[in-house]
Amino acid sequence: MPATLSNPTALFDALMPIAPRPEVLFVKGEGSWLIDSNGKRYLDFIQGWAVNALGHCHPAVVDALQRQCAALINPSPAFYNQPMVELASQLAMHSGLDQVFFANSGAEANEGAIKLARKWGSLQRNGAFKIITFDNSFHGRTLATMSASGKPGWDQLFEPKVPGFIKVPYNDIEAVEQVIDDQVVAVMLEPIQGEAGVIPARRDFLDGLQRLARHHRLLLIIDEIQTGMGRTGTLFASQQLGIAPDILTLGKGIGGGVPLAAMLARKDISCFAPGDQGGTYNGNPMACAAGLAVLNTLLGPGFLAAVTRSSDYLRDGLATLSAKHRLGEVRGQGLLLALDTAHRDAREIVVAALAQGLLINAPRPETLRLMPALTVSQDDIDRMLALLDGVLTLPAASDGGQH
Ligand SMILES: *Cc1c(COP(=O)(O)O)cnc(C)c1O
């Protein structure tokens, strides 16, 4: 049978199987909803892994893209364009940092951060190049960012890795202190480890890192690719945690679904010379126009306060479900929340939820993660909780018939 939209299965084989994709073809998105080629509607609490900060096809993003593509798609990364310079100056102003390098993915922004730290080390710290990173961290899938990541199982993949990363346990300041030597130039971390299952950094740990960084002249590279751009209820999570990055990386939500990422640094650290760093699509006006639409919406009156209200509402609902179904902890910040599933397999819950028209994700076998659009309504949170309650009420395949 020829492949068509209503019979898409025959088309799927032409794609490298880099993810266990369900046999569903999505054709439309509206806010918190995705619609497949059969017209079935799914309530989306993944949002492309927290990429669609404003939900699917938000009018502000659609309008910015339509206007921009009619005016100018790509003059070259070697020329200035209007959305590029406007977004850079706004990001610098709101982050308290000075200069921006635009990239197309979080991994590429982190590559830039690693290169900038190494360059600074060669200029300012006598060639120091090692970067301390953390167990269970996630910084991307390029070879260097995989080498920086502490994702279980990755240490054996694609050997040999890029050298120069020292991994220590998260939230363990003594472990950090122990590995610092003259060759260490930076510490790189997520303020909340997203892929690890939404694990927040403790405040005393962050205070300790700042103290060590000052004392040893280390750079603090804060990876806010998942936590930035309003996800935790403030523009950046580091603002509420009281940690000041030397280098900050942003991705995911920053483009509202369009490939965009950024690496920001203080002026005294921003030491790239022409030729050190670049990329064909970096700072292109399409992506930056989407980024401006997202940023202006996030900074609109009451927007971030509403994220915190939605967070409280969702958190309460998850706590009620957890008590009812004897599950575990609810944790996280803003609209990056996790629910530990205790005796239930989170991945089975994800599969069962998909069948019921609910998209949620399990970064760990015992953890569900919820990353709805920052614009999610209370009604849609109620619908999500009802769907999840229904899924949790189904007998669990791996539960030995306990229910
Ligand atoms: C998703 C993510 C990345 C990688 O971003 P890509 O756009 O997938 O390359 C890096 N760091 C963190 C914390 C992330 O959540």
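Let's start at Tyr42, a residue that counts as buried because its relative accessibility is 3%, below the 20% cut-off. Keep in mind as you look around that this is a predicted model.

Tyr42 has an aromatic partner. The rings of Phe26 and Tyr42 pair edge-to-face, with 5.1 Å from centre to centre and 80° between the planes. Phe26 belongs to strand β1 (residues 26-30) and Tyr42 to strand β3 (residues 41-44), so this pair ties together parts that are 16 residues apart in sequence. Phe26 itself is partly exposed, with a relative accessible area of 33%, whereas Tyr42 is buried.

A search of the whole structure turns up five aromatic pairs. Another of them to look for is Phe134 with Tyr170: again edge-to-face, at 5.8 Å centre to centre and with 75° between the planes. Phe134 sits in strand β5 (residues 130-134), while Tyr170 sits in the loop between β6 (165-168) and α7 (173-179), so the pair ties together parts that are 36 residues apart in sequence. Phe134 and Tyr170 are both buried. Follow the rings a step further and you reach Phe205, which ring pairs link with Phe134 and Tyr170 into a cluster.

Now turn to a helix, α4. The 14 residues of α4 (residues 82-95) should span 20 Å at 1.5 Å a residue, and the C-alpha atoms at its ends are indeed 20 Å apart, so the two values agree. At the start of α4, a side-chain oxygen of Asn81 comes to within 2.9 Å of the backbone nitrogen of Met84. Just after α4, Gly96 takes a positive phi of about 75°.

Which residues of α4 are buried? They are Pro83, Met84, Leu87, Ala88, Gln90, Leu91, Ala92 and Ser95. Met84 therefore appears twice in this helix's story, as a buried residue and as the one whose backbone nitrogen is reached by Asn81. The cover over the buried residues of α4 includes two helices, α3 (59-71) and α10 (285-298), along with strands β4 (99-103), β11 (247-250) and β12 (261-265).

Next, look for empty space inside the model. Rolling a probe the size of a water molecule over the atoms shows where such space is left. The structure holds one cavity of 30 Å³ or more, and the largest cavity has about 40 Å³ of space. Its lining is made up of Ala50, Ala53, Gln226, Gly228, Met229, Arg231 and Gly253.

Met229, one of those lining residues, is worth a second look for its backbone. Met229 has a positive phi of about 55° although it is not a glycine. You will find Met229 in the loop between β10 (219-223) and α9 (237-241), and it counts as buried because its relative accessibility is 2%.

Val198 also has a positive phi, of about 60°, without being a glycine. Val198 lies in the loop between β8 (192-193) and β9 (199-200), and with a relative accessibility of 0% it counts as buried.

One last backbone feature rounds off the tour. Where is the cis peptide bond with an omega of about -5°? It joins Glu159 and Pro160, and Pro160 is found in the loop between α6 (143-148) and β6.

Definitions and conventions:
Residues numbered from 1 in each chain as written. Predicted model: local features only at pLDDT ≥ 70, side-chain atom pairs only at ≥ 80, totals over all residues. Heavy atoms only, no water. Phe/Tyr/Trp six-rings, centres within 6.5 Å; stacked < 30°, edge-to-face > 60°. Helix = DSSP H or I, 4+ residues; strand = E, 2+ residues; numbered from the N terminus. Buried < 20%, exposed > 50% of the residue type's maximum accessible area, 1.4 Å probe, protein only. Expected span 1.5 Å × (residues − 1). Contact = heavy atoms within 4.5 Å. Polar contact = N/O pair within 3.5 Å; in protein donor to acceptor, adjacent residues only side chain to side chain. 1 Å grid on protein atoms, 1.4 Å probe; cavity = no way out; pocket = protein on both sides within 12 Å on 5 of 7 lines; lining within 4 Å. Points joined across faces, edges and corners; volume = space filled by probe spheres on them.
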